[in-house]
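The following note sets out numbered points for discussion. Please read them alongside the sequence and the coordinates.

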Amino acid sequence: MKLPHYFDGWPYGWLAAVLLFLGVVGGAFGIYLRIRSRQRKASGPVSEQRRVPWHILPIEELVSRLNFDLEQGLGEKEATSRLTRYGPNAIEEGKRRTLVRMLLDQFLDFMILVLIVAAGISFWLGEREDALAISAILFLNALIGTFQEYRAEKAVAALRRLARPSCKGVRGGEVKSLRARELVPGDVVVLEAGDVVPADIRLLEGAGLQVDEAPLTGESVAVAKDPAASVPEDAPLAERRNLVYRGTSVTIGRAKGVVVTTGMATEMGHIAALLGRTQAERTPLQKRLARFSGRLAAGVIGICALIFALGWWRGEPLLLMFMTSVSLAVAAVPEALPVVVTIALALGARAMVRCHALIRRLPAVETLGSVTYICTDKTGTLTENRMRADAIWTGDWHENFPGEAALFGRAVALNNDVKEGCKEGEPTEVALCRLALEAGLERAELESTLPRIGELPFDTRRKRMATAHQTSDGDCLIFVKGAPESVLPLCRGRWEDDTIISLQPERIEQAIEAKATEGYRLLAFAFRRVEEAPPRDEDLEKELVFLGLVALRDPLRPEVSDAIDQCRSAGIKVVMITGDHPATALAYARQLGFTASEQSLIDGPALTALDDEGFRSGVGNLRVYARVDPAQKLRIVEALQARGEFVAMTGDGVNDAPALKKADIGVAMGQIGTDVAREAADMVLLDDNFATIVAAVHEGRRIFDNIRKFIKYTLTSNSGEIWTLLLAPLVGLPLPLLPLQILWVNLVTDGLPGLALTFEPQEKGVMARPPRRTDESIFAHGLGYHMVWVGLLIGLVCLLALYWAYFEDVAAWRSLVFTLLVFCQLAHALVIRSERESLWRQGLFSNLPLLGAVAIGILLQLAVVYLPFLNDIFKTRPLPAGLLGICFVLPLVIVAAVETEKWLVRRNLIYQPSAPQEKRSIRPLILAICRWGVFLTACFYSASVK
């Protein structure tokens, strides 16, 4: 095929035609895909799947249909086969964009489309080399943008995989931890209080099960479930008492059931299908930057229009000025900001996993640097969660059960849910199990003669647990354990020497106080003997006889004291919240180095007695909360937030979920926490360690600092380009850069160096400064001023070089300015790696990716200047050694200026983080720019006239 005549004599004709075609078609096809995407979102999938009425099937038919064993569950081989048949147990997400789609979307920006059109016009007017080069740079820019977006999506997808929930299921007769995503119809699942139901499940057996179905039905009250309930076929969803549904949560009790539907076939899946695809929510920082980019784009377009007008007034060709203005607009608008922010947050979140902190929501990474209060549980977070039962009280303190306390020992062994071997289970129950085992009381052996026939599971409202056991003579023996203040009011007497005597509550309180002041946690045990099991579970805990107390202690984690010291130096206040006795809580607080006194402690009853106004006025002085109900955590969060504090709250139970959701950073326990708590939290501690929270705050501050550095670098670089092109025509100098050169500067300096700044290691003293205020602008602490004055300095350095070279008739004057601008921006990237620390103290090799990016930028710029075939494309000339030396020496002015700024910052002479400065308007900044602009214009114009 022969090219048209206007390609004659030009060896790159085919390449230009292909690149222009790709650009125009890519932009058009991208717009088409965007329109089609919106149409699909509007319509959404509405197909319904055929459902089996699982709630009316008898157990025998259920077993036959699903082909499973009630006791053994499914075998691993059968489960794998069904997983292939039914697919993963997951709600379908919106289809992720392919690489081709990402590439095409890069051409949807208005400025890019304008530049493509401008390149086409240049081509038709004979400027073929320019058209080819502009098209190639736009294509390279699109490739870089695609790579950044692809990396961001991969990082976020990796986080999703880390956060996948798990559940307990029966496979091959063994109870195992299964990934919820791998459940299949026929799997037998065990549910406990705090679990999120992983699929639609038909109940087989259960005890006191109540489920919160608000996510599905909107019903605010937990629904009682009964595996044996008879349900009509036409019963609505909320009345099917023998079914539990995916996404709902178990609040009380336990149950076993069989999975009947998974994934999109569940009730939640049908709702998701009706909702259709939704866009991923952007972080608050991205939203602020997007708004800023919009305003910046409007300002840049205005400046570009001014540059176009000035060039036309000076007699420059209209096409050249049009291309220059559009190229500058493309280069000056930081369109990659949201993408780079996502990459920084996602990579930071992945880095936190190495610190044992799993970030469930990306905004948590950004906001961790603002935390002013950490409200932490004691057990398992400040302590090792390895309870040890040191003593028992039956009238006096003993190391183990005396001979007359046999009934007490049986109560400790039987009122317990730890499996055989005392290895797995809730830490307190494991300690109690070991205490009984040391006395020769094994639960499995005792249950052979005293089988459990009923139970009332522990919940945080009652603070008790009750179990009922059948005796050999047909009576029912009930054992109760719980917090002393919860159990003692239910007791009518005390068991001593196999008889019931008076309770003597004062004596018991003295025993409790003595151990509590030593940091022990106390549990009370009681019993009741009746002829038959009470018909109602609530009647299990009446007319009890007190057996005794068990004193347990949980050792402090050795690293916690250092972590609290770090919080103190970082301006973060730590508050301990525990269900322990006030004296126990105070003892632990003093061991941790809290400034703890009677005045800094409050217990649950006293908190209840305080009105909201009184609590808010005194909450700032409280450091320890004892005997606190999890429901009161929400009140603590609200009181602190009303004072303007930024709160991180830990929790592990179902009742903790409202406080975790309300807190600015909700922190759930990964090992002892419930699924409900993890779903409500922003961050999950994989090791349940308080020091991990501090490490996450540390990492969050580093990530936010690096995002600021990227913004500072990008906007300052763009400011330097604008100042150079804006001031040159005003002082009588020719256009410093051609359109293609502007795009090249943007490509070389913005991409790799900017992204490499997100890998910058933490600055010294990152935990020795106060928390960042929540209303603080991203441009606070001098970033906005730095962007203007350093950009102006870069422009001034380039204009001085242009002024000298142009009036000295240096042939390569444009190549000199072109190279100098690139080198100044790369030098700026090296020197802003810290806002306070000197470059020489940091060392050049602490961020190897940045050093590599700068080296690549220098080599690419030298290739453009010295390779003949690139000289023709970019209209450059090789620089003599002297001029190249100037290009390497003059950027040191930028380095020296920024180092001086950091020296002033270290001495608190500028950019002090005072409140008035943060809320200062931009008006003084604009006035300062105008003054500098007028002054420099007058100076240069006067010099050019002379």
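1. Cys567 is placed in helix α18, which spans residues 560–569. The model is a predicted one, and the remarks below should be read accordingly. With a relative accessible area of 1%, Cys567 falls under the 20% limit and is therefore buried.

2. The surroundings of Cys567 merit inspection. Apart from neighbours within four places in sequence, Cys567 is in contact with Ile374, Ile572, Val574, Phe690 and Val694. Tyr373 lies 194 residues from Cys567 in sequence, yet the C-alpha atoms of the two are 9.2 Å apart in space.

3. How many disulfides does the structure hold? The number is 0. Cys798 is accordingly in no disulfide, and its nearest cysteine sulfur, which belongs to Cys824, is 4.9 Å away. Because a disulfide requires the two sulfur atoms to lie within 2.5 Å, the separation of 4.9 Å between the sulfurs of Cys798 and Cys824 does not qualify. Cys798 has a relative accessible area of 0% and is buried.

4. On aromatic contacts, the count comes to 9 aromatic pairs. One of the pairs is formed by Trp495 and Phe527, with an edge-to-face arrangement, 5.1 Å from centre to centre and 85° between the planes. This pair links distant parts of the chain: Trp495 belongs to strand β15 (residues 491–496) and Phe527 to strand β17 (residues 521–530), with their positions 32 residues apart in sequence. Trp495 and Phe527 are both buried.

5. Tyr806 and Phe807 also make an edge-to-face aromatic pair, with 5.4 Å from centre to centre and 85° between the planes. Is Tyr806 buried or partly exposed? Tyr806 is partly exposed, at 32% relative accessibility. Phe807, with a relative accessible area of 40%, is likewise partly exposed. Both residues belong to one aromatic cluster, formed by Tyr803, Tyr806, Phe807 and Trp813.

6. A further point concerns the surface. Trp312, Trp313 and Leu318 form a nonpolar patch there, and together they have about 430 Å² of accessible area. Leu318 is located in helix α10, which covers residues 318–332. Why can Leu318 count towards such a patch? Its relative accessible area is 47%, so Leu318 passes the requirement of over 30%. The value of 47% places Leu318 in the partly exposed class.

Methods: Residues numbered from 1 in each chain as written. Predicted model: local features only at pLDDT ≥ 70, side-chain atom pairs only at ≥ 80, totals over all residues. Heavy atoms only, no water. Patch = residues over 30% accessible without salt bridge, like charges linked within 9 Å, V, L, I, M, F, W, Y side chains within 5 Å. Areas by Shrake-Rupley, 256 points an atom, 1.4 Å probe, with all protein chains shown as cover. Salt bridge = Lys/Arg side-chain N within 4 Å of Asp/Glu carboxyl O. Helix = DSSP H or I, 4+ residues; strand = E, 2+ residues; numbered from the N terminus. Buried < 20%, exposed > 50% of the residue type's maximum accessible area, 1.4 Å probe, protein only. Contact = heavy atoms within 4.5 Å. Phe/Tyr/Trp six-rings, centres within 6.5 Å; stacked < 30°, edge-to-face > 60°.
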